[in-house]
Each structure stands twice: as C-alpha cells, then as structure tokens.
Amino acid sequence: MEENIEKSYDTNASIDFIKAKYERIPWNQYFMAQSVLLSLRSTCTRLEVGATLVKDRRIIAGGYNGSVSGDHHCIDDGCYIVDGHCIRTIHAEMNALLQCAKLGISTEGAEIYVTHFPCLPCTKAILQAGVKKIYYLNDYRNNEYAMELIKHVGVEVEQVQLESKYFEKLSFGELHDQ
C-alpha cells in the first residue's frame with residue numbers, strides 16, 4: 001500500500017536557503033585552519049608556525065616548530081640563537097615531512113599548507129619530497145631564491161586568505177582564563 005506524503009516546503013527554495021546559510025568552508029581554508037591550530041603547539045617563542053601535509057584531500061601529517069623530541073624547549077629554556085637563528089627549533093614543514101618519513105607515508109603529489117612562507121631549506125625539502133603545491137597564509141621573509149626554485153620545478157604556490165564568515169560560528173564552550 002502506497003502512501004502519498006505531502007511535502008510541506010518548496011524543495012528548491014529550501015535547498016537554496018540551506019546552501020546560502022550553511023556554505024561549507026573551502027578546502028584550502030579548512031586545511032589552513034588546521035595549520036593555524038597546529039601552530040598553537042609551537043614551542044619556539046620567536047614564531048609560531050604550523051604545517052599540514054595533504055594528499056587527495058586527506059591529512060597525512062602535521063607539524064609545528066619546536067625542539068627535537070626529548071630536548072629542551074625554547075618556552076622552557078629560551079631560544080638557542082646562532083647567527084640570528086634559533087638552532088634548537090625544527091621548522092613545522094620539516095616536522096611534517098619527517099613524520100611522513102618516519103611512518104613510511106609518501107609525500108609525492110601532496111600539498112602543504114603552512115602558516116608562513118617556507119624558508120629556503122624548508123622549500124628545498126618540500127620540493128625534493130615531491131610536494132606539488134604550497135599554500136601559505138602569511139608572508140615571512142620570502143626568499144627570492146626559494147621562489148625561483150619553486151617556479152623552476154613547476155610547483156604551484158598560493159597565498160590563502162581565511163574568511164571570518166567560516167569561523168564566526170565556532171563554539172568552544174565556556175572559555176576560562178587561567
């Protein structure tokens with residue numbers, strides 16, 4: 001026995017309303033937001049950086065700048081500066097790439113999302129690892145030779161702008177100051 005169920009709404013109008021009200025965050029902003037979140041784990045006080053490696057729209061690794069596992073952290077003992085650089089810190093991009101190496105995950109054809117434009121050594125590692133596209137949020141001492149290398153090997157680069165409309169609806173519950 002078939003029942004006729006009457007719909008109490010106009011399907012097309014409702015779908016248009018839902019799409020307008022619940023527009024999904026674009027993939028590049030979603031993955032960049034992951035990198036921003038990772039940067040909150042940084043243990044170097046000079047610059048908090050996060051990096052997310054993505055393959056086929058799936059996160060394969062994440063990293064933030066910090067000390068070698070088991071070593072002292074900048075937030076505990078201060079930065080170890082030599083020639084203007086903190087040598088205690090492993091950069092976020094390197095940590096993400098090393099996580100893949102440690103776990104045997106291929107980065108060939110992956111994309112990387114970084115909160116700050118990669119330094120020259122990180123750029124070289126990213127390119128050598130087979131990453132096909134670099135997304136970054138903030139300019140930071142963008143190295144001219146790094147940009148030349150990226151162009152020469154044919155890797156795409158895109159600066160991402162995070163749109164506040166995708167983050168306004170976030171709820172963290174009751175936040176407490178400590």
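Reader: Is Glu158 buried, partly exposed or exposed?

Author: In this predicted model, Glu158 has a relative accessibility of 28%, and it therefore counts as partly exposed.

Reader: And which residue does Glu158 form a salt bridge with?

Author: Glu158 forms a salt bridge with Lys133, and the closest N and O atoms of the two are 3.0 Å apart. This pair links distant parts of the chain, since Lys133 belongs to strand β8 and Glu158 to strand β9, 25 residues apart. Lys133 itself is buried, with a relative accessible area of 12%.

Reader: How many salt bridges does the structure hold?

Author: The structure holds four salt bridges. In one of them the side chains of Lys165 and Glu23 meet at 3.4 Å, N to O. Lys165 sits in the segment after β9 (156-159) and Glu23 in the loop between α1 (11-21) and α2, so this pair ties together parts that are 142 residues apart in sequence.

Reader: Are Lys165 and Glu23 buried or exposed?

Author: Both are in between: Lys165 is partly exposed, with a relative accessible area of 43%, and Glu23 is partly exposed as well, with 39%.

Reader: Which residues do the shared salt bridges join into one network?

Author: The side chains of Lys165 and Glu163 also meet in a salt bridge, at 3.9 Å from N to O, and Glu163 is partly exposed, with a relative accessible area of 35%. Through salt bridges that share partners, Glu23, Glu163 and Lys165 are joined into one network.

Reader: Changing topic, how many aromatic pairs are there?

Author: A search of the whole structure finds six aromatic pairs. One of them is formed by Trp27 and Tyr30, whose ring centres are 5.9 Å apart and whose planes stand at 85 degrees, so the pair is edge-to-face. Both residues lie in helix α2 (residues 27-39), three residues apart, which is about one turn of the helix.

Reader: Why would residues with that spacing point the same way?

Author: An α-helix has 3.6 residues a turn, so residues three or four places apart point the same way.

Reader: How do the rings of Tyr30 and Phe31 pair, then?

Author: The ring centres of Tyr30 and Phe31 are 5.0 Å apart and the planes are at 65 degrees, so this pair is edge-to-face. Tyr30 is partly exposed, with a relative accessible area of 34%, whereas Phe31 counts as buried, at 2% relative accessibility. Trp27, Tyr30, Phe31, Tyr113 and Tyr135 form one aromatic cluster.

Reader: Which residues form the nonpolar patch on the surface?

Author: The patch is formed by Trp27, Tyr30 and Ile59, which together have about 270 Å² of accessible area. Ile59 belongs to strand β2 and is partly exposed, at 40% relative accessibility, while Trp27 is partly exposed with a relative accessible area of 35%.

Reader: What about the inside, which residues of the largest nonpolar core touch the most other members?

Author: That core has 23 residues, and those that touch the most other members are Ala51, Leu53, Ile112, Ile126, Ile134 and Ile150. Several elements each supply at least two residues of this core, among them β1 (50-55), β7 (111-116) and α6 (144-153), and α4 gives the most, with four residues. Apart from it lies another core, of seven residues, including Phe31, Met32, Leu137 and Val160.

Reader: Which residues is Leu53 in contact with?

Author: Leaving aside its neighbours within four places in sequence, Leu53 is in contact with a list of residues that includes Ile59, Ala61, Leu97, Cys100, Ile112 and Val131.

Reader: Is Ala92 in helix α4 buried or exposed?

Author: Ala92 counts as buried, because its relative accessibility is 0%. Not counting residues up to four places away in sequence, Ala92 touches Val49, Gly50, Ala51, Gly63, Tyr64 and Asn65. The C-alpha atoms of Ala92 and Leu38 are separated by 8.9 Å, although these residues are 54 residues apart along the chain.

Reader: Last one, what covers the buried residues of α5?

Author: The buried residues of α5 are Cys122, Thr123, Ala125, Ile126 and Leu127, and what covers them includes α4, β7, β8 and α6. Just after α5, Gly130 takes a positive phi of about 85 degrees.

Technical notes
Residues numbered from 1 in each chain as written. Predicted model: local features only at pLDDT ≥ 70, side-chain atom pairs only at ≥ 80, totals over all residues. Heavy atoms only, no water. Core = buried A, V, L, I, M, F, W, Y, C linked by side-chain atoms within 4.5 Å. Buried < 20%, exposed > 50% of the residue type's maximum accessible area, 1.4 Å probe, protein only. Contact = heavy atoms within 4.5 Å. Patch = residues over 30% accessible without salt bridge, like charges linked within 9 Å, V, L, I, M, F, W, Y side chains within 5 Å. Areas by Shrake-Rupley, 256 points an atom, 1.4 Å probe, with all protein chains shown as cover. Phe/Tyr/Trp six-rings, centres within 6.5 Å; stacked < 30°, edge-to-face > 60°.
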